[in-house]
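Please open the model in your viewer and keep the sequence panel beside it, since each stop on this tour begins with a selection.

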Amino acid sequence: MEQIRNRRPTADRNWLAAEFKLSTNTLIRDYVGKNGKAARNSKQLEAIAKYTRQYTQTGRVALFVTLFAGGKGGVQYEFNIKLLQAKMAKQGILGIIASLTGGKQ
């Protein structure tokens with residue numbers, strides 16, 4: 001609400017950038033790509049990185065929260081999580097992925 005009223009985010013009010021998804025599989029599909037398909041929302045990931053760099057005080061940390069830890073445990077799953085974190089690191093952002101239902105992240 002504050003950002004809408006001010007029309008522009010300010011660094012003194014934003015502690016971190018957060019993205020919420022239903023499952024980790026959705027996060028991977030949208031930002032990394034899955035089963036040989038390209039990422040569906042790579043521009044959104046770039047926007048999150050840009051916002052985090054410009055308007056947060058957390059030292060460039062973006063939090064990705066999912067309700068379900070889908071696909072937990074497999075080698076491909078672990079690879080995709082690391083790939084997402086590497087994409088964020090390439091843009092100067094530390095990407096933290098947390099699932100509310102637990103599971104291996």
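Helices and strands here are DSSP runs (H or I over at least four residues for a helix, E over at least two for a strand), numbered from the N terminus. On that basis the chain comes to 4 helices and 3 strands, which follow the pattern α-β-α-α-β-α-β when read along the sequence. This is a predicted model, in which local features need pLDDT of at least 70 and side-chain atom pairs count only at pLDDT 80 or more, while totals for chains, interfaces and linings use all residues. Residues are numbered from 1 along each chain as its sequence is written, and side-chain values use heavy atoms, with hydrogens and water left out.

Begin with the whole chain, coloured by accessibility. Buried means under 20% relative accessible area, exposed means over 50%, and partly exposed covers what is in between (1.4 Å probe, protein chains only). Of the 105 residues in the chain, 34% are buried. Contact means heavy atoms within 4.5 Å, and among the contacts in the chain with a separation of 6 or more, 74% join residues 24 or more positions apart.

Next, select helix α2, residues 24–31. This helix is mostly covered, with 6 of its 8 residues buried, namely T24, T26, L27, I28, D30 and Y31. What covers these buried residues includes β1 (17–23), α3, β2, α4 and β3 (94–99).

Now add helix α4, residues 75–90, and look at how the two helices meet: at roughly what angle do the axes of α2 and α4 cross? They cross at roughly 55° and come within 10 Å, where axes are lines fitted to C-alpha atoms, for helices over the stretch in contact, and angles run from 0 to 180 degrees between N-to-C directions. That makes α2 oblique to α4, because angles under 35 degrees count as roughly parallel, over 145 as roughly antiparallel, 65 to 115 as roughly perpendicular and the rest as oblique. To check the pairing in sticks, show T24, L27, I28 and Y31 of α2 together with Y77, N80, I81, L84 and K87 of α4, which make the contact. These residues divide into 6 nonpolar, 2 polar and 1 charged, where Ala, Val, Leu, Ile, Met, Phe, Trp, Tyr, Cys and Pro count as nonpolar, Asp, Glu, Lys and Arg as charged, and the others, Gly among them, as polar.

From here, move to the largest nonpolar core, a nonpolar core being a set of buried Ala, Val, Leu, Ile, Met, Phe, Trp, Tyr and Cys residues joined through side-chain atoms within 4.5 Å. Of its 15 residues, Y31, F64, L84 and M88 touch the most other members. The elements giving two or more residues to this core are α2, α3 (42–55), β2 (61–68) and α4, and the largest share, 4 residues, comes from α4. Centre the view on M88, which, leaving aside its neighbours within four places in sequence, is in contact with L45, A49, A62, F64, I93 and G95.

Then return to the end of α2, which is followed by G33, a residue with a positive phi near 105°. K34, in the loop between α2 and α3, is partly exposed at a relative accessible area of 29%, and beyond its neighbours within four places in sequence it is in contact with N25 and R29. A distance label from K34 to N80 should read 8.4 Å between C-alpha atoms, although they are 46 residues apart along the chain.

Finish at A89 in helix α4, which counts as partly exposed at 49% relative accessibility.
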